[in-house]
Amino acid sequence: MAWGNSTGVVRWNHLFSNKLFMNASAIFSDYNFTFGAGQSGFEIQLFSGIRDWNAKLDFSYFPNIRNEIKFGVNYIFHTFRPTSVSAKQGEVEFDFGNIKKDKAHEAAIYLSDDFDVTDKLRVHAGLRYSYFMQIGPFDRYVKDPINGQTSNIIHYSSNEKVVDYGGFEPRLNIRYQLSGKSSLKASYTYNLQYIHLASLSAISLPTDTWVPCSELVKPQKGSQYSIGYFRNFFENKYETSVEVYYKDLQNQIEYKDGSLPANDVNDNADNQFTFGKGWAYGAEFFLKKRVGKFNGWIGYTISYTKRRFPELNLGKEFYAKYDRRHDVSVIASYDLSKKWTFSTVWVFSTGNAITVPVSFYIVDGNFVTEYGDRNAFRMPPYHRLDVSATYTPDRTKALERRKQRLIKRYERKGKDTSTIEVPKRWTKNYESSWSFSVFNVYNRHNPFIVYFANEGSFATGDYKAKAKQIYLFPILPSVTWNFKF
């Protein structure tokens, strides 16, 4: 498995006046994912990706000290490669046709205002309009509703509109200052998302695929509500907060039962999907020590992310693949001196929800796997401990030592030490530090993949199926030199 993202950014900032600021950006991003496998000389490779050309123009306007207005435009040209396949047996390569690419335009314009209504009440209100259009070249494989076979192919020429969507996305955030130490915050956000992440939960392999909206795949719609209480203690040395949220999700996608990414060959990816709705809710707790030699924070989130699809799980609700019941982060830092800082990080999260086999049987001599309810099994939880120490040399003492060596050199040569000039290169503005760290201190084998291995046979009566896991990173020490100039 190989995956990665290549990206580049060109940004230009311009200050028109002390009230108007502009940020212009051109961004390139190219994400690729490949999964390969082989057995007995046969090799197969699945690959997918998404390439974006992104242009942004953002403005910030400050009419007065109580008001900040932001506005701008954004344009993205998408090129999707949902799933393509290559295969060969020895020197013989199989022809699966040309690599399919889906192309689309996405644009948005927005305006927001962050202003103080009173000394206690602050409001952030924004409105965004977004637009998405899928374009050709594109072939639509129309399926027969009875047998599921391709009954017709509709061809769209280059740059011809296939389908388009658009809509307004409002948002509102309110903060009310109860006192100098506490405040209430509430927010509402409505989002449209034109790119979907299709996750195959029947196996825990990382086979996620990014797909665009189409004639079948509608834009995701999300409405999120949240409210929180924030309070500082002991002269603002400690920050605490409690927030609860609820999100309603429409037009969600999942793979149909029995579908695999490889089925997209000579077909449209969206023909493998089924559609439903989802919702998420939870609470977040946060405690932070801001000042002092010893500081850090603790965060804990309890959350539920559920789905309901008429064609899956007999129409019953089930947990989404990335549902996280518990998520904990503990970060601590101690400044022993000006030179040495020690820190540690511990994280814990509930494992992914996956669908696993519950029984095996033989039908007409063929081995058949029967799966249980959708996402009814949990992978083991993820947790690890990292520690690090950072050493920052004291440049003041180093400069003084250099100066003393220079004075002794002048004295040996009989020169006047009062005329010593410190070389400019010694006083240049640069910094450096050394970082010594250990990742995954107690060598936790966090699962990356869970798969099922078959042992024995039905003929001899000793057949067994065992779940096994692959993990990526064991204990990993490192040394890093950082410098700024």
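The legends below accompany several close-up views of this predicted model. In this prediction, local features need pLDDT of at least 70 and side-chain atom pairs count only at pLDDT 80 or more, while totals for chains, interfaces and linings use all residues. Residues are numbered from 1 along each chain as its sequence is written, and side-chain values use heavy atoms, with hydrogens and water left out.

**View A. A nonpolar patch on the surface.** Welcome to a set of aromatic residues and a valine: Tyr430, Trp434, Phe436, Val479, Trp481, Phe483 and Phe485 together have about 810 Å² of accessible area (Shrake-Rupley method, 1.4 Å probe, only the protein chains shown counting as cover). Patch residues have over 30% relative accessible area and no salt bridge (a side-chain nitrogen of Lys or Arg within 4 Å of a carboxyl oxygen of Asp or Glu); nonpolar side chains (Val, Leu, Ile, Met, Phe, Trp, Tyr) are joined within 5 Å, like charges within 9 Å. Strands S26 (431-439) and S29 (476-484) each supply at least two of these residues, and S29 gives the most, with 3. Trp434 sits in S26. Strands (E, at least two residues) and helices (H or I, at least four) are DSSP runs numbered from the N terminus.

**View B. A positive surface patch.** Its members are Lys338, Lys397, Arg401, Arg402, Arg405, Lys408, Arg409, Arg412, Lys413 and Lys415. Lys397 belongs to helix H1 (residues 395-412). Lys and Arg count as positive, Asp and Glu as negative, and His and the chain ends are not counted; each charge is placed at NZ of Lys, CZ of Arg, CG of Asp or CD of Glu.

**View C. A cis peptide bond.** Between Gly136 and Pro137 the bond is cis, with omega near 10°. Pro137 lies in the loop between strands S7 (121-135) and S8.

**View D. A positive phi at Asn159.** Here phi is near 70° in a residue other than glycine. Asn159 is in the loop linking strands S9 (150-156) and S10 (161-177).
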